[in-house]
Amino acid sequence: MWNIRTSVPEDIPAQRQLWQLAFGDEDAYIDNFCRTYYRPERVIVLEEGGAVRSMSAWFDTVFRVPGQDFRAAYLYAVATHPDCRGRGMSGALLAWADGYFKSRAIPAVTTVPAQPSLHEFFGANGFRECFVLTQRELVQLPPRREDVALRPLSPEEYGALRDRLLEQTGQPYISYPE
């Protein structure tokens, strides 16, 4: 019998172990997540026999379409214990999360699958491709211009600048207000 619910602080050791098994991240990375981002209501867990077997964290975001904003959840670290994979646990977790997000007036859910095979998994669970990821590498800075000053930005300044530049494209994008 599966029990799906939001996390409680006592789940953290089991979540850390599951995260390590699923993703192989170093303790420092998981520590940073727990210290900086963890909130019990922002992690959903599936238990079987009293043990956490599947989980997903989520961030409150804004899906911005020109002229309209929608509250959105960004799913992060969707994981199932390796011994439990193929039994539908993550799918059940995502289905429960859908109802949970609706109850919180969150009409949109997004994620970025870490590998191509996960696109099929999320597609089978009601997700569809909506964005194209573009990544560019800057190998050399342009020549320094005296009329342009470079300075470090705080996370808040960076977020505001990012949103302003993305808004100018006229394309939908996700904003991270926290």
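**Exercise 1. Find which residues sit on the face of α1 turned away from its buried side, then work round the helix.**

*Solution.* The exposed residues Pro13 and Gln17 are carried by the face of α1 that is turned away from its buried side. Keep in mind as you go that this is a predicted model.

Step 1: get the helix in view. α1 spans residues 12-23, twelve in total. From first C-alpha to last it reaches 16 Å, close to the 16 Å expected at 1.5 Å a residue.

Step 2: pick out the buried residues, with buried meaning under 20% relative accessible area. In α1 these are Gln15, Leu18 and Trp19. They lie on the same side of α1, because they cover an arc of only 105° around the axis.

Step 3: look for what covers them. The cover over the buried residues of α1 includes α2 (27-36), β2 (43-48), β3 (51-65) and β4.

Step 4: move past the end of the helix. Gly24 follows α1, and its phi is positive, near 70°.

**Exercise 2. Describe the largest pocket: its volume, its lining and the elements that contribute.**

*Solution.* Step 1: start with the space. The largest pocket holds about 1,400 Å³.

Step 2: turn to the lining. It consists of 40 residues, and Thr110, Thr111, Cys130, Phe131 and Ile174 lie nearest the centre of the pocket.

Step 3: assign elements. Two or more lining residues come from each of β4 (68-80), α3 (89-103), β5 (108-110), α4 (116-124), α5 (155-168) and β6 (173-175).

Step 4: sort the lining by character. It divides into 26 nonpolar, nine polar and five charged residues.

Conventions
Residues numbered from 1 in each chain as written. Predicted model: local features only at pLDDT ≥ 70, side-chain atom pairs only at ≥ 80, totals over all residues. Heavy atoms only, no water. 1 Å grid on protein atoms, 1.4 Å probe; cavity = no way out; pocket = protein on both sides within 12 Å on 5 of 7 lines; lining within 4 Å. Points joined across faces, edges and corners; volume = space filled by probe spheres on them. Helix = DSSP H or I, 4+ residues; strand = E, 2+ residues; numbered from the N terminus. Nonpolar A, V, L, I, M, F, W, Y, C, P; charged D, E, K, R; others polar. Expected span 1.5 Å × (residues − 1). Buried < 20%, exposed > 50% of the residue type's maximum accessible area, 1.4 Å probe, protein only. Arc of directions from axis to C-beta. Contact = heavy atoms within 4.5 Å.
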